[in-house]
Amino acid sequence: MAAAVRSLTEIGPDGGKQASIEFFATDYLITCDPFACATLALEAMYSLALFGEGELALELLQGSLEQLEQFLPFVFAFQEADLVRVATAIGRANEALFDILINSDNPFVQFIGIAALANVKGREAREQLLTFINPEENRLVSRAALEGLEKIAVADDVTIFSEWTTDGDRRSRLSAFNALVRVVDERALPVIQDAIFVEDLSTS
């Protein structure tokens, strides 16, 4: 079924869009077990977003996240990339997605929103991303912001990323290292060397 829904995007904007809307209107996803149908829901949302039905796609996403709330950590662990891919597509069609997801109380939902924001807005998202890069912030939230800022890092960000090279979250450390290498700034070299030394001691 998921493959069939995914194929709707290949039909073209005329038939594919109408078929996607009609599928959504059947309420099949509402009656389907949310955990078992996570992939199906994601592909339905993705199809709607690509065809410009941002409001419908966002409505479906909100409903799915509510239904999946107790399963979301497990779904996130296996389908993080797909969740971000779909949210990014919806965000391009309907920017209301960003505020809705980022203002959630659920860090997994916030992660998806921040990652999608970074993908869609790029450098325009810089100031908002910086507000989430805080050791006191939830680890997932900070990670999403770091990974988003990493892609647009500039020399002045050396100080920011230097503070995360020894963080307890592996992906946050990796993002910090990648950003420091990307900016090609001499101030980053001693930070990278020191962090590598600490990393070697901790794994020896």
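Two residues are in contact here when heavy atoms of theirs lie within 4.5 Å. With that in hand, start at Phe161: setting aside neighbours within four places in sequence, Phe161 has contacts with Leu146, Leu149, Glu150, Ala153, Ser175, Ala176, Ala179 and Leu180. Keep in mind throughout that this is a predicted model.

**The overall picture**

What does the chain's secondary structure come to? It is 13 helices and 0 strands, so to speak a plain run of α elements from the N terminus on. Of its 204 residues, 50% count as buried. The accessible surface comes to about 10,600 Å², and 52% of that belongs to carbon and sulfur atoms. As for contacts between residues at least 6 apart in sequence, 62% of them join residues at least 24 apart.

**The core**

Phe161 turns up again in the largest nonpolar core, which has 55 residues. Phe161 is one of the members that touch the most other members, along with Met45, Leu61, Ile90, Leu97, Leu101 and Ile114. In soluble globular proteins, nonpolar side chains do tend to be buried together.

Which helices supply at least two residues each to this core? α8 and α10 do, and so do the helices in this table:

| Helix | Residues |
|---|---|
| α4 | 38–50 |
| α5 | 54–67 |
| α6 | 72–93 |
| α7 | 96–102 |
| α11 | 158–162 |
| α12 | 170–183 |

**α8 against α10**

Now for a helix pair. Helix α8 covers residues 107–121 and helix α10 covers residues 139–150; they pack at an angle of about 10°, with axes 8 Å apart. Angles under 35 degrees count as roughly parallel, and α8 and α10 are therefore roughly parallel to each other. On the α8 side, the contact is made by Pro107, Phe108, Gln110, Phe111, Ile114, Ala115 and Ala118. From α10 come Leu140, Val141, Arg143, Ala144, Ala145, Glu147 and Gly148. Sorted by type, the residues of this contact are 10 nonpolar, 2 polar and 2 charged. Ile114 of α8 is also on the list of core residues that touch the most other members.

**A look at Gln128**

Gln128 sits in helix α9, residues 126–130. Is Gln128 buried, exposed or partly exposed? Its relative accessibility is 32%, so Gln128 counts as partly exposed. Not counting residues up to four places away in sequence, Gln128 touches Ile102 and Leu117. Ala145, one of the α10 residues in the helix contact, is 17 residues from Gln128 in sequence and 8.7 Å away in space, C-alpha to C-alpha.

Terms used
Residues are numbered from 1 along each chain as its sequence is written. This is a predicted model: local features need pLDDT of at least 70, side-chain atom pairs count only at pLDDT 80 or more; totals for chains, interfaces and linings use all residues. Side-chain values use heavy atoms; hydrogens and water are left out. Axes are lines fitted to C-alpha atoms, for helices over the stretch in contact, and angles run from 0 to 180 degrees between N-to-C directions. Helices (H or I, at least four residues) and strands (E, at least two) are DSSP runs, numbered from the N terminus. Angles under 35 degrees count as roughly parallel, over 145 as roughly antiparallel, 65 to 115 as roughly perpendicular and the rest as oblique. Ala, Val, Leu, Ile, Met, Phe, Trp, Tyr, Cys and Pro count as nonpolar, Asp, Glu, Lys and Arg as charged, and the others, Gly among them, as polar. Buried means under 20% relative accessible area, exposed over 50%, partly exposed in between (1.4 Å probe, protein chains only). A nonpolar core is a set of buried Ala, Val, Leu, Ile, Met, Phe, Trp, Tyr and Cys residues joined through side-chain atoms within 4.5 Å. Accessible areas come from the Shrake-Rupley method with a 1.4 Å probe; for residues, only the protein chains shown count as cover.
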